[in-house]
Amino acid sequence: MCRNRVWAPAPGVAVVILVLVPLAGCAAPDGPRLPGQWLPALEAFGEEISADVEADGVGGITVALARDGAVLWSGAYGWADPEAGVPATRETIYRTGSISKSVTAVLMAVLADAGTLTLETPLAGLVPEIGEMQDRPEGADPSLRQVASHTAGFAREPGLPGAATGPIEEWTARILESIPTTGYRSPPGTEYSYSNIGFGILGFGLERAAGEPFMEQVESRIFEPLGMTGSTFVIGDALQPRLSRGHANGRDGRVNTEQPALEHAGRGYKVPNGGVYSTVDDMAAFAAGVMGRGGRSLLSDAMRAEVLSVQTPEDPESGYGLGFSITTVDGRVFAGHGGSVSGYTAHLLFEPATGLTVVLLRNYNRGRTSLGGAARELLAGLSIN
């Protein structure tokens, strides 16, 4: 028997909407079944998230468990917009923060499969302006592979005041302004060095490589093929009612909704590394497209192996691939990414060998739930025989 369980909110009380689709013995159309033995763990997981959201008293969390892109179980807890009394739902749209880096790296891989570029293409061949960067090691010539794996040696942020501000339409101008103020931390290929500006420059390079605006490429080459209709870089009139309200909350308990609202109009250069809006269903479809499961495939087998293998030199089993963190735990390999921007946090985690995926999206920054920890704990506790 399939069923949805919905609790409507009373005034002043946080809402919880929990959807189990399907329950044991009830398969979704063209989708896998939810094993009955998982139900106790999922119900306990949902209760814990619900309690955390209620204790936080700020906004909401939407979470989904999927396999091969098909959502098996989902829960929505708290509020998409507490001020307006709008509950969080499975369809609620959130900012995904640095999960956008995964999207950008996958676009790079798609273009490499198409022969537009290669992973070894020098970044300078697409963005010669990087010759203006500061503290350039002698002979440094980072490849696209190195930029997408955070091994190019770039600093985390540019030194340009206001680099992360400004309208979305002018993000490429912010990139060009930021490059001369950006320095190297280390020679390319020598260490993992997380770089937001590096992924900004990478997205700009992909725009030049294909001769097509970066955001349009993501829409046509990733979102549309995967049916990610709730994902975008710019919230238009059709999606606006589903957008959650962001809450930037600090240790002192104060909540700022003004800055998250301002950033919907643009965040300076931070488009390829932090500009994607999405839903739990869409993120599950994206993971399936990367894994090549559930009839969804964005990449060739060879390119998928590159994207989902450790590229960083520190540890051959756990590190960073191309746009994804790769972790090996007890012989099981997981891939994913976290994200945090003003008013929103997110986490995507999937297991390529099984197609299992967990997505958590939240419209506030600080809370009792560690999104990454929760995702890892849930997936590690599930197994497919």
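This note goes through the salt bridges, one helix and the nonpolar cores of a predicted model.

1. Asp68 is a convenient place to start, and in this model the residue sits in the loop between strand 3 (60–67) and strand 4 (70–81). Its relative accessible area is 19%, and Asp68 is counted as buried because the cut-off for that class is under 20%. Beyond the residues up to four places away in sequence, Asp68 touches Ala288, Arg293, Gly294, Arg296, Thr354 and Gly355.

2. One of those contacts deserves a separate remark, since the side chains of Arg293 and Asp68 meet in a salt bridge with an N to O distance of 2.5 Å. Arg293 belongs to the loop between helix 9 (280–291) and helix 10 (301–307), whereas Asp68 belongs to the loop between strand 3 and strand 4, so the pair ties together parts that are 225 residues apart in sequence. Both partners, Arg293 and Asp68, are buried. The side chains of Asp68 and Arg293 are also listed as a polar contact, again at 2.5 Å.

3. The whole structure holds 16 salt bridges according to the search, and another of them pairs Asp52 with Arg368, where the closest N and O atoms are 3.3 Å apart. This pair, too, links distant parts of the chain, with Asp52 in helix 1 (residues 39–56) and Arg368 in the loop between strand 14 (356–362) and helix 11 (371–380), 316 residues apart. The two ends have opposite settings: Asp52 counts as buried at 7% relative accessibility, while Arg368 counts as exposed at 57%.

4. A further salt bridge joins Arg90 to Asp281, the closest N and O atoms being 2.8 Å apart. Arg90 lies in the loop between strand 5 (86–87) and strand 6 (94–95), Asp281 lies in helix 9, and the pair links parts of the chain that are 191 residues apart. Arg90 is partly exposed, with a relative accessible area of 21%, and Asp281 is likewise partly exposed, with a value of 25%. In addition, salt bridges that share partners join Asp81, Glu83 and Arg245 into one network.

5. Turning to helix 5 (residues 171–178), its buried residues are Trp171, Thr172, Ile175 and Ser178. Viewed down the axis of helix 5, these buried residues fall within an arc of 120 degrees, and they therefore line one face of the helix. Among the elements that cover the buried residues of helix 5 are helix 6 (196–210) and helix 7 (214–223).

6. The largest nonpolar core comprises 81 residues, and those with the most contacts inside it are Val106, Met108, Ile222, Phe286, Phe324 and Phe350. Helix 2 (residues 99–113) gives this core its largest share, namely ten residues. For Phe286, with neighbours within four places in sequence left aside, the residues in contact are Ser102, Val103, Val106, Ile222, Leu226, Met228, Phe324 and Leu348. A second core, separate from the one just described, has 26 residues, including Leu42, Leu349, Val358 and Ala375. As general background, nonpolar side chains in soluble globular proteins tend to be buried together.

Definitions and conventions
Residues numbered from 1 in each chain as written. Predicted model: local features only at pLDDT ≥ 70, side-chain atom pairs only at ≥ 80, totals over all residues. Heavy atoms only, no water. Helix = DSSP H or I, 4+ residues; strand = E, 2+ residues; numbered from the N terminus. Buried < 20%, exposed > 50% of the residue type's maximum accessible area, 1.4 Å probe, protein only. Polar contact = N/O pair within 3.5 Å; in protein donor to acceptor, adjacent residues only side chain to side chain. Contact = heavy atoms within 4.5 Å. Salt bridge = Lys/Arg side-chain N within 4 Å of Asp/Glu carboxyl O. Arc of directions from axis to C-beta. Core = buried A, V, L, I, M, F, W, Y, C linked by side-chain atoms within 4.5 Å.
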